[in-house]
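Please look through the model below with its interior in mind, moving from the packing of the core outward to a pair of helices and then to a single side chain.

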Amino acid sequence: MHTSTPVFEYPRKEFPANFRFIGPIILPPDMEYQWPAWWPEMEKDLPVVLINQGTVAKNFKDIILPSIKALKDEKMIILAVPVKDGEIRNLPENTHTEPYIPFGNLLPHVDVFITNGGFGGTLNALAHGIPVIIAGATEDKMEVAARVEFTGAGINLRKQKPTPEEIRKAVRRILSAPSYKLKAKEIQTDFAKYDAPTVAVGLIEELIGKNPEPVTFV
């Protein structure tokens, strides 16, 4: 079971007989979440750029710090997550950091998603129709980046540590060229056809029904 869909995959003549797309796992909003005090700024008529390195890749020099530097003078709202209080000091006026904001709450307000290529974060952004700027060179991140580039839903910077100039150019290009948003919206529409938990349960029930012997899931 693969938590994606054919629209975010390379064309192939065939898949293995036991392979199934089940759609992405989309994180719902947390109805109990308390918004940060600065949140009213999000109501300004400005593009919102989210910078996200996930929870494992903690070297802010990869994309978070270069992105903040790249966009400090832009008329945008910049948000870097996850960043704990005090981890980055002397933030530009247009920039905020938070240790955590649920994707389900945050992504509906985002216009551009800058990421190091985590699969779950990238799919959640695309599920909200958000174009992606991606810079990853470890684990599976290069493959995620390649798919973003192939589908036209974003820009692959093809490195782990892009320069501020490369990031600034990519953000400006995303915001000025409608094609990226249109492609992201196409993927959003396709993702919406799937309900990953329901599909997964149905496939498991089907498998158990065909196998009288005990089945072990890993």
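What covers the buried residues of α3? In this predicted model, the cover includes α2, β4 (residues 112-115), β5, α4 and α6. The buried residues in question are Gly-121, Thr-122, Leu-123, Asn-124, Ala-125, Leu-126 and Ala-127. Because seven of the nine residues of α3 are buried, this helix is largely enclosed by the rest of the structure. After α3 comes Gly-129, a residue with a positive phi, near 70°.

The surroundings of α3 lead on to the nonpolar interior. The largest nonpolar core has 30 residues, and those with the most contacts inside it are Leu-50, Leu-106, Phe-113 and Leu-126. Two or more residues each are given to this core by the strands β1 (48-52), β2 (77-81) and β5 (132-134), and by the helices α2 (103-106), α3 (119-127), α4 (141-151) and α6 (178-191). Of these elements, α3 supplies the largest share, which is four residues.

One of the residues with the most contacts inside the core, Leu-50, can be followed in more detail. Leaving aside residues up to four places away in sequence, Leu-50 touches Leu-79, Val-81, Phe-103, Leu-106, Leu-107, Val-110, Val-112, Phe-113 and Ile-114. Apart from the largest core lies another core, of 24 residues, which includes Ile-78, Ile-133, Ala-135 and Val-171.

The next topic is the packing of two helices. Two packed helices are described by the angle between their axes and by the distance between those axes. For α1 (residues 64-71) and α5 (residues 164-176), the angle is about 65° and the axes lie 8 Å apart, while the crossing is right-handed. On the α1 side the contact is made by Pro-66, Ser-67, Lys-69, Ala-70 and Leu-71, which meet Pro-164, Ile-167, Arg-168 and Val-171 in α5. Sorted by class, this contact of α1 with α5 has six nonpolar, one polar and two charged residues.

A last stop is a histidine in a strand: His-96 lies in β3 (residues 95-97). Is His-96 buried or exposed? Its relative accessibility is 11%, and buried means under 20%, so His-96 counts as buried. The side chain of His-96 is joined to that of Glu-41 by a polar contact of 3.0 Å. Not counting residues up to four places away in sequence, His-96 touches Trp-38, Glu-41, Ile-78, Leu-79 and Ala-80. Among these neighbours, Leu-79 is also touched by Leu-50, and Ile-78 is one of the residues of the 24-residue core.

Terms used
Residues numbered from 1 in each chain as written. Predicted model: local features only at pLDDT ≥ 70, side-chain atom pairs only at ≥ 80, totals over all residues. Heavy atoms only, no water. Core = buried A, V, L, I, M, F, W, Y, C linked by side-chain atoms within 4.5 Å. Buried < 20%, exposed > 50% of the residue type's maximum accessible area, 1.4 Å probe, protein only. Contact = heavy atoms within 4.5 Å. Axes fitted to C-alpha atoms, helices over the stretch in contact; angles between N-to-C directions. Left-handed = near helix turned anticlockwise from the far one by under 90°. Nonpolar A, V, L, I, M, F, W, Y, C, P; charged D, E, K, R; others polar. Polar contact = N/O pair within 3.5 Å; in protein donor to acceptor, adjacent residues only side chain to side chain.
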